[in-house]
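User: I have a model to go through. Please take me over the main points.

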Amino acid sequence: MKALNLIAAFVLCTLPAFAESVHIATPNTSMVLDATRGKHLKNIYYGSRLDDALASDVKALKSSGLSAMEAYPQYGLMNNREAAIGVIHADGSMTLDMIVDAVKESTDKKTGAKTVTVTLKDSYYPFTVDVNYRTYPALDVIETWTAITNGEKETVRLQQFDSGYLPVRRGDVWLSHLYGAQLNEGHLTHEPLTPGMKVIVNRDGIRNSHTAHSEIMLSLDGKPRETEGRVIGAALCYSGNYKLRIDTDQHAWHHVFAGIDPDNSEYILSPGETFVTPELALTYSTEGTGGASRNYHRWARNHKFAHADVPRKVLLNSWEGVYFNIDEDGMTRMIKDMADLGGELFVMDDGWFGDKYPRNNSKGSLGDWVVDTRKLPHGIQGLIDTAKANGIEFGIWIEPEMTNVQSELYEKHPDWVLKPLNHKTVYGRGGGQMILDLANPEVQEHVFTIVDTLLTKYPGIDYIKWDANMAVRNHGSQYLAPDRQSHLYIEYHKGLRKVLERIRAKYPDVTIQNCASGGGRANYGLMPYFDEFWVSDNTDAKQRVWLQWGDSYFFPPTLMASHISASPDHHSYRFAPMKYRIDVAMSGRLGVEMQPVQMTPEERKMVRNAIAEYKQYVRPVLIDGDIYRLLAPEEGHNAASLMYVTPQKDRAVFYWWKLEQYQNQHAPRVRMAGLDPKRKYVIRELNRIDSKPLSFEGKAFSGKFLMDNGLEIPYGYNVPKDDRNDFGSRVLYLEAQ
Ligand code: DGJ
């Protein structure tokens, strides 16, 4: 047995007997493949880190009872099982027999990422699949994807082309995933895997996380626990339609498949063409769902979104404050108010553009990205100057992938939209919205130019809110050839990525928010081009506790735009005191989503103080803090609590939100987590409204005490009787002595 590379993350071992093992190792996890030349590629193990000697000894591993399952199951020879890949060859054959041809390893000098590529070759056709596995230094995530190449003389039709597959030993395995709807995104659900097929699918075409999300966790030791138990995570990084399947079969296995949804998307692979599938990011933790979340957050901060190490600016967004009623006086007022509150950025939302067709509602003007000088006589530059004069930055909303029937763009380029080739068009928002056909390179150029023109003309634009408010309702590309219409979804997203890559290359420093009718695009397929995402148009603080809780399973807090909005809330009509709205918004990227002129002087004071405390205490912890979820809202204790702890364990922020009013009914005392047991932490309450400080204010407790016992959080406030209400929340800042 000869180890080719014992130091690198991948260890390839040639066994003189038969098997050649590939050890894909991260600091705490191992995946072992049997990549014996001339045989099918097998997955033998995914779990806790193995030592290299055992990982390279396929025989020993198998003797422990581990099975060798196909690593990328193919259709044709074992058809009673689900397949990750299925094709129709030019001669009509539907069989694949993919055998290991070569194993290569490469390192990315910039990131230190290592990729192992196992090339599979069909035993008859010149058809190959590269199965890739990438790891990064110090991160417990393995990204897997495939590159499928047609070496045949005629086209091959791809019927199924998953990114990856993972066999999971059957047991009391529970699935955790996010579902929901627009205004109700990111709901977490836990369910046991039972015999049969569980399918998670998204077919919006544009926004793929309003309903189902493409990220899941599997708890292998029964009901998910936050701090213990083995958990596998799988996150498909793709902006378009996807399908995740978990087949719990008659044998001892759950089979997990994830990839682009092939339905209505047959892909015709020309001779010589390669189709690359999106990455599936796998993680494994023995520290429960919390451990898996921390793995994903670290990986995301290092590689999966822009400017992860740059503190996010506290912003005021105009949408819920004025909706479409943009005018110069109103914008100037908001800029001044935000500066006065200590904010750092003002973002002008929808309603600022359109010449022939002014944008006064959602019915028209998308595509006409010229400033409406009737509303803004001094244009965008006037507002940038006002922002600068007030010491803050300026940002702007656009929806560059879209147009309206009522727009100058559509009048000029009716051939640039997605529409059925021979039927009546079904429109989107406002009754006239359409999607620009990003499969068309001319349209890609145009969408790039929209953003490029804005940013070149106005270098003072610091932030873009990139929105997308429509599903692909019509199947039809006026650009794609008749025999390539089934490529529409895939080519659209390829085109979108090309545009975003160009924008990012030219404007690396601009902050860009990913928004899609709220949280419709919370997915790591797009996040590398963005700095953050808008969690939901639902800004009701109480509901945000749930939505942000769900998203926190996979996304770190700085990615989540979380704003203080009006009371009563514009969607739920719920009244919530300013303290509660602040305490919830402060657990993500803090912003304001209301008209500051409507704040009472007392509320203004509270918001000003919150912004200052957020900048001083919370933001530096959130930027790379590890999440510890302490009390889940779904557990029914009528309260929720979580905390973030810096990697050095010297600072932490603890949140507690009451979800119901208690009368002689008690919430559990929440034990903290993630602290250094030996260090002592001084407690400081943020956003304090009580006339008297909490009993533990300014006191120091050891990490051990706080993790064994926690602190008793009072359900209400020590304030005059008339100021009391049924809400309750606390934010505590902990600093090691
Ligand atoms: C949908 C977004 O989610 C909102 O925040 C807002 O930007 C509107 N679009 C504007 O039309």
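**Loops, barrel, ligand and sheet**

User: Where is H307 found?

Analyst: H307 is found in the loop between helix 3 (288-303) and strand 23 (315-317). Helices (H or I, at least four residues) and strands (E, at least two) are DSSP runs, numbered from the N terminus. The model is predicted, with local features needing pLDDT of at least 70 and side-chain atom pairs pLDDT 80 or more, while totals for chains, interfaces and linings use all residues. Residues are numbered from 1 along each chain as its sequence is written, and side-chain values use heavy atoms, leaving out hydrogens and water.

User: What is phi of H307?

Analyst: Phi is near 55 degrees, a positive value in a residue other than glycine. Most residues other than glycine have a negative phi, and most peptide bonds are trans.

User: Which residues does a cis peptide bond join?

Analyst: S567 and P568, with omega about 0 degrees. P568 is in the loop between strand 31 and helix 11.

User: Next, the barrel. What is the order of its eight strands?

Analyst: The order is 23-24-25-28-29-30-31-32, closed and with parallel pairing. Two strands count as paired if DSSP finds at least two bridges between them. Neighbouring strands here are turned by 30 degrees against each other on average, direction ignored. Angles run from 0 to 180 degrees between N-to-C directions, and axes are lines fitted to C-alpha atoms, for helices over the stretch in contact.

User: How many bridges join strand 24 to strand 25?

Analyst: Four, between residues 345-348 and residues 393-398. L345 has E393 as its bridge partner in strand 25.

User: Which strands does helix 10 touch?

Analyst: Helix 10 (residues 541-551) touches strand 30 (532-534) and strand 31 (560-565), and makes about 170 degrees with strand 31. Contact means heavy atoms within 4.5 Å. Helix 11 (residues 578-585) lies across strand 31 and strand 32 (589-593), also at about 170 degrees to strand 31.

User: Now the ligand. Which residues come nearest?

Analyst: D349, D350, K465, D467 and D537, out of 13 around the ligand. A residue is included if one of its heavy atoms lies within 4 Å. By class, the shell has four nonpolar, three polar and six charged residues. Ala, Val, Leu, Ile, Met, Phe, Trp, Tyr, Cys and Pro count as nonpolar, Asp, Glu, Lys and Arg as charged, and the others, Gly among them, as polar.

User: What lies 2.9 Å from an oxygen atom of the ligand?

Analyst: A backbone N or O atom of G518. A side-chain N or O atom of W397 is 3.2 Å from a ligand oxygen, and a polar side-chain atom of W534 lies 3.4 Å from a ligand oxygen. The protein covers 98% of the 290 Å² of accessible area (Shrake-Rupley method, 1.4 Å probe) that the ligand has on its own.

User: On to the open sheet. Which are its edge strands?

Analyst: The six strands run 33-34-35-38-36-37 with antiparallel pairing. Strand 33 (626-631) and strand 37 (700-702) are the edges, each pairing on one side only. Seven bridges join strand 34 (residues 639-645) to strand 35 (residues 651-658), and A639 stands opposite K658.

User: Where does helix 12 pack?

Analyst: On this sheet: helix 12 (residues 601-622) touches strand 34, strand 35, strand 36 (680-686) and strand 38 (729-736). The axes of helix 12 and helix 5 (residues 328-341) come within 8 Å and cross at roughly 65 degrees. In helix 5, R333, D337, M338, D340 and L341 meet R604, V607, R608 and I611 of helix 12.

Definitions and conventions
A polar contact is a pair of N or O atoms within 3.5 Å; within protein, one must be able to donate a hydrogen and the other to accept it, and residues adjacent in sequence count only if both atoms are side-chain atoms.
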